[in-house]
Amino acid sequence: MPESLSPAQARRVALAAQGFADPMPTGVPTRRHLRRVLDRVGLLQMDSVNVLQRAHYLPLYSRLGPYPTDLLDRAAYQRPRELFEYWGHEASLLPVELHAALRWRMAAARTDAWGGMRRIAVEQPQLVEWVRDEVRARGPLTAAEIEHDAPRETGNWGWNWSAVKRALEFLFWSGEVSAASRTNSFARRYDVPERVLPAAVLDAPTPTTPDAHRTLVAVAARALGVAAEPELRDYFRLPSAGTRLAIAELVEAGELLPVQVPGWRGPTYLHAQARLPRWIRASTLVSPFDPLIWERGRAERLFDFTYRIEIYVPAPQRVYGYYVLPFLHGDRFAARVDLKADRRAGVLLVPAAWIEPGVDVSETAMALAAELYRLAGWLGLSAVAPPAGGDLAGPLAAALAGIAGVR
């Protein structure tokens, strides 16, 4: 293995590790393809924003193309479950095999959970116990279904979460309840773990905290391919000291190899099984919540691509748009496009499209237009609207019109 990588080599290593060098399925993707992607990325981040598609569905689309979303739903919420919901990077879907490696986080709920959750456990332990008993007796239940019968409370906290919701989220953080499923409005249905997770998962021995950290750093390292220490820590939001110890042990075991990449400051590590493909032939849109671009500093070093989610930026201050997806073409981000699914009209709206410096405008416009029609078809939309703004709007509109003319 090399002692150093060029920036271009590091970029291809990272893309291959994330599954972008794997061939697209020739037919309808199957559970085997789903497992291949999950083995690459390690977890899927969840988010409630649904302006285009729920966040956890999009990384699979980026790597498999159009696939039946119930493939993921069945893996997460039907027996035999292969995934479970928990706090990984953020709220995430994780392979059930990682449950034991996350029990240290569950055990630390009283000190590490968010303030409102910790307070409810300290200030209203009887309510937490009552909620736990309700879930055990009547689950699966949503928070609203429990709130209807809950003892009267005084005041709300945070995002208008009731005391019952805070109690449920504390119990979820501590591993005492799990997510059995989701409603159409994306609300969790809670149940006790023994009715959600396979018995073999719950019966697996609990590793020591250092062993658990080493397992999670190893998953992150394999998923990243080449990474600096902060990125290995960020993947599962691990503590600094635990991450450093895990890295040292993985280096000693030969699983991580120190390397140098020009422009990367601080220690950098290459996974021993990382691949360095000669080229990447991807041509796909990437979710704002994709693990490829979670860590913004890493995205800038790998792709010379500065990216920011502008959902929470006031509209007049947005640079690119509300829900902007980077367009990966080859091994570079060639454009970015603001998208919205108008499901009632059956149209994929394109509020803006922007070209990245140094790429071929005509080639990018044609490739992006084809990708937008592919995405629209996967979302069940029949048309793609011409872009309303952005410096790629004109060429992309022409490319879209050309495709529409032969459809």
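Colleague: What makes Phe186 notable in the hairpin of β4 and β5?

Modeller: In this predicted model, the hairpin of β4 and β5 has five residues between the strands, and Phe186 takes a positive phi near 80° there. The value is positive in a residue other than glycine. Phe186 is placed in the loop between β4 and β5.

Colleague: How do you know whether Phe186 is buried or exposed?

Modeller: The relative accessible area of Phe186 is 13%. Buried means under 20%, so Phe186 with its 13% counts as buried.

Colleague: How do you know that β4 and β5 pair?

Modeller: Two strands pair if at least two bridges are found between them. Strand β4 (residues 178-182) and strand β5 (residues 188-191) have four bridges, in the antiparallel sense, so the requirement is met. Within this pairing, Arg189 of β5 is the bridge partner of Ser181.

Colleague: What makes β1 and β2 edge strands?

Modeller: Each of them, β1 (44-45) and β2 (83-87), pairs on one side only. The open sheet has three strands in the order β1-β3-β2, with antiparallel pairing. Two bridges join β1 to strand β3 (residues 91-95); at least two are required for pairing, so β1 and β3 count as paired. Ser92 in β3 is the bridge partner of Gln45.

Colleague: Why is Arg237 called partly exposed?

Modeller: Its relative accessible area is 36%. Buried means under 20% and exposed means over 50%, so Arg237 falls in between and is called partly exposed. Arg237 lies in the loop between α13 (229-234) and α14 (240-252). Its phi is positive, at about 50°, although Arg237 is not a glycine.

Colleague: How do you know that the span of helix α12 agrees with its 16 residues?

Modeller: At 1.5 Å a residue, the 16 residues of α12 (residues 209-224) should span 22 Å. The end C-alpha atoms are 22 Å apart, so the two values agree. The buried residues of α12 include His213, Leu216, Val219 and Leu224. After α12 comes Gly225, with a positive phi near 85°.

Colleague: Why is Leu256 counted as buried?

Modeller: Leu256 has 1% relative accessibility; the limit for buried is under 20%, so Leu256 qualifies. Leu256 belongs to strand β7 (residues 256-259). Leaving aside neighbours within four places in sequence, Leu256 is in contact with residues including Ala221, Leu232, Ile247 and Tyr269.

Colleague: What makes Leu339 stand out in the largest nonpolar core?

Modeller: Leu339 is among the residues that touch the most other members of this core of 116 residues, together with Leu52, Leu232, Phe236, Leu348 and Leu372. Apart from neighbours within four places in sequence, the contacts of Leu339 include Val51, Tyr323, Val350 and Pro351. There is also a second, separate core of 24 residues, in which Ala10, Trp264, Ala282 and Leu292 are found. In soluble globular proteins, nonpolar side chains tend to be buried together.

Colleague: Why is the peptide bond from Gly139 to Pro140 worth noting?

Modeller: That bond is cis, with omega near 5°. Pro140 lies in the loop between α8 (125-138) and α9 (143-147). Another cis peptide bond joins Arg79 and Pro80, where omega is about -10°.

Colleague: How do you know that the protein chain is as compact as a globular protein of its length?

Modeller: The chain has 17 helices and 13 strands. Its radius of gyration is 22 Å, and the globule rule gives 22 Å for 407 residues; the two are close, so the chain is as compact as a globular protein of that length.

Terms used
Residues numbered from 1 in each chain as written. Predicted model: local features only at pLDDT ≥ 70, side-chain atom pairs only at ≥ 80, totals over all residues. Heavy atoms only, no water. Core = buried A, V, L, I, M, F, W, Y, C linked by side-chain atoms within 4.5 Å. Buried < 20%, exposed > 50% of the residue type's maximum accessible area, 1.4 Å probe, protein only. Contact = heavy atoms within 4.5 Å. Rg over C-alpha atoms; globule rule 2.2 N^0.38 Å. Expected span 1.5 Å × (residues − 1).
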